[in-house]
Amino acid sequence: MIKKTFWLLGLMWISTGSLFAQETLPRLSLTQLLDSAVQRNYLLQANEKNIAIKQAEIEILKTNYQPRISTSATASFWKFLLPNKEKLLGNTLTDVYTDITAYQTIYDWGENKVKTSVVKDEILLNDDVRRQIRNTIIWGVSDAYFEALKAESEVSVHFNAIHQLKSHLQYAENLYKIGKVSGVDVLKINVQISVEEKALQKAQNAVTSQYIKIRRLCNLENSGSFEMENSSENYYREFQNRIFISDSLYAEVLRNHPALNASDLKMSMETKQKEISRLQNRPELYSYGIASWEHGYLPFGSNFNYNIGAGIRYTIPYWGGSSYKTKMLQSDIRIEQMGDEKNQTFLDIRKEIDVVLNEISDKRSEITNNEKIIRLTQETLNNTLVKYQSGQGPIIDVLDAESILTETTIAYRKSTLAYLQSLGKLNYLTGNDKYPF
C-alpha cells in the first residue's frame with residue numbers, strides 16, 4: 001500500500017511538472033517578435049556606427065581652418081664648405097638644421113562649408129537607409145508571423161475534423177453492430193480520417209518550417225522553445241472596415257518613403273558636389289611661418305631665423321586645371337539620372353500599392369463568401385447527420401459536408417490572415433517604419 005501511494009504521488013508530481021512546463025512556455029506576441037528582430041539586427045547596429053563615422057568627418061573638416069604645423073631636423077657632414085656655409089658654420093664640417101613650419105588657410109570661398117553640408121546630408125541619408133532596413137525587417141517578420149498562423153490554423157481545423165470524424169466513426173460502428181449500416185460506411189470514415197491525418201501532418205511540418213524562419217528573422221536561434229500569441233482576431237476586428245484612398249497613399253509615399261527621400265538627398269548632395277568642383281577654380285588665401293635654427297654643433301648657437309607672410313595659390317583653368325568643368329558636367333548628368341530613378345521608383349511603388357489594394361478588396365469578398373458557405377455547410381452537415389443517424393441518409397453525404405466544412409473553414413481563416421498580410425505589405429510600401437498593428 002505504501003509503495004502504491006509512493007508511485008501515485010510520483011506520477012502526480014511528474015504530471016504537475018509537465019503541466020507547469022507547458023504553462024511556462026513563453027508566448028511571444030507580434031510586437032515582441034518585431035522588437036527582437038529590430039534590436040538584434042546587425043545591419044541596423046552597423047548603420048548606427050556609420051552615423052558616428054560621418055560625424056567624425058565633420059570634426060575633420062573643422063580642422064581645415066586650423067594651422068598645420070610641421071617640424072624637421074637634419075644632421076649632415078660636408079666634405080668641404082662653400083664660402084657662405086663657412087661663414088655660418090665656422091671651421092666645423094658638420095651641419096645641424098632644425099625648422100618649424102606653420103601653414104593656415106585664410107579663405108577658401110566657402111568650400112569647407114559646402115563639404116560640411118554634404119556630410120550632414122550623408123547623415124540624413126544614413127537615417128533613410130536605416131528606415132529602409134527597419135521597414136524591410138518589419139514587413140518580413142509580419143509576413144512570416146501570419147504565414148505561421150495560417151499553418152497553425154490549418155492544424156487546428158484538421159485536428160477538429162479528425163475529432164468529428166472519430167465521433168462519426170464511433171456512431172457508425174454502433175449502427176453496424178446492430179445491422180443498420182454496412183461495413184462500407186465504417187471503411188469510408190476510416191479512409192477520410194486517414195486523409196485528414198495526412199493533411200494534419202503536412203500542416204504541422206509547415207508550422208515547424210515557419211517557426212524556423214521566424215527564429216532566423218528575429219535572431220532567436222539561441223533562445224528556447226516558444227509559442228506565438230495569436231492576436232489576428234483582434235487585428236481583424238480593428239482593421240476590417242478600414243477605408244483606403246489610393247491618392248492619399250500616393251501622397252504619403254511621396255512625403256514619407258525613405259527610398260524617395262534618399263533620392264532627394266542624393267540629388268542635393270550632388271548639387272553641392274558640383275559647387276565644390278566649381279570652387280576648386282577659386283584662389284586660396286593662406287598664411288605661413290617658418291622658424292629655423294642652424295649651427296655646426298649641438299647645442300644650437302645663435303643662428304636663429306624666421307620668415308612669416310601670406311600667399312595666394314591659383315590653378316589656371318586650362319589644360320590640367322580645367323578638369324573641374326568636366327566634373328561639373330558629370331554632376332549635372334548624375335542629377336538627371338537620379339531624378340529618372342526616383343520617378344521610376346515612385347511608379348513601381350504606385351503599381352504595387354494598386355495591386356495590394358485590389359488584393360484587400362478580393363480578400364474582403366472572399367471572407368464574406370467563406371462565412372456564407374460555412375454557415376450553409378454547417379446547416380447541411382447537421383441535416384445529413386440527423387438523416388444518417390435515423391437510417392434515412394447515406395454516410396457519403398455526411399463525409400462530403402464534413403469535407404466542405406473543413407476546406408471552407410481553412411480557406412476562411414487563411415483569407416482573414418491574408419487580409420492582414422496585405423495590410424502589413426501596404427504599411428511597407430508606404431515607407432512606414434512603424435509596426436503595422
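This is a short chat about reading salt bridges in a predicted model.

Visitor: What counts as a salt bridge here, and how many does the structure hold?

Guide: Look for a side-chain nitrogen of Lys or Arg within 4 Å of a carboxyl oxygen of Asp or Glu. The structure holds 18 of them.

Visitor: Which residue does Asp 332 pair with, and where do the two partners lie?

Guide: Asp 332 bridges to Lys 274, with 2.8 Å between the closest N and O atoms. Asp 332 sits in helix 10 (residues 323-389) and Lys 274 in helix 9 (residues 258-279), so this pair ties together parts that are 58 residues apart in sequence. Asp 332 is partly exposed, at 29% relative accessible area, and Lys 274 is partly exposed too, at 25%.

Visitor: What about Lys 363 and Glu 366, how far apart are they in helix 10?

Guide: They're three residues apart, which is about one helical turn. Their closest N and O atoms are 3.5 Å apart, and they form a salt bridge. Lys 363 is partly exposed at 22% relative accessibility, as is Glu 366 at 30%. Elsewhere, Asp 128, Arg 131, Arg 134 and Asp 433 are joined into one network by salt bridges that share partners.

Visitor: Take Asp 128 from that network: is it buried or exposed?

Guide: Buried means under 20% relative accessible area; Asp 128 has 8%, so it counts as buried. Arg 131 is buried as well, at 13%. Their side chains meet in a salt bridge, 3.5 Å from N to O. Both lie in helix 5 (residues 111-177), three residues or about one turn apart.

Conventions
Residues are numbered from 1 along each chain as its sequence is written. This is a predicted model: local features need pLDDT of at least 70, side-chain atom pairs count only at pLDDT 80 or more; totals for chains, interfaces and linings use all residues. Side-chain values use heavy atoms; hydrogens and water are left out. Helices (H or I, at least four residues) and strands (E, at least two) are DSSP runs, numbered from the N terminus. Buried means under 20% relative accessible area, exposed over 50%, partly exposed in between (1.4 Å probe, protein chains only).
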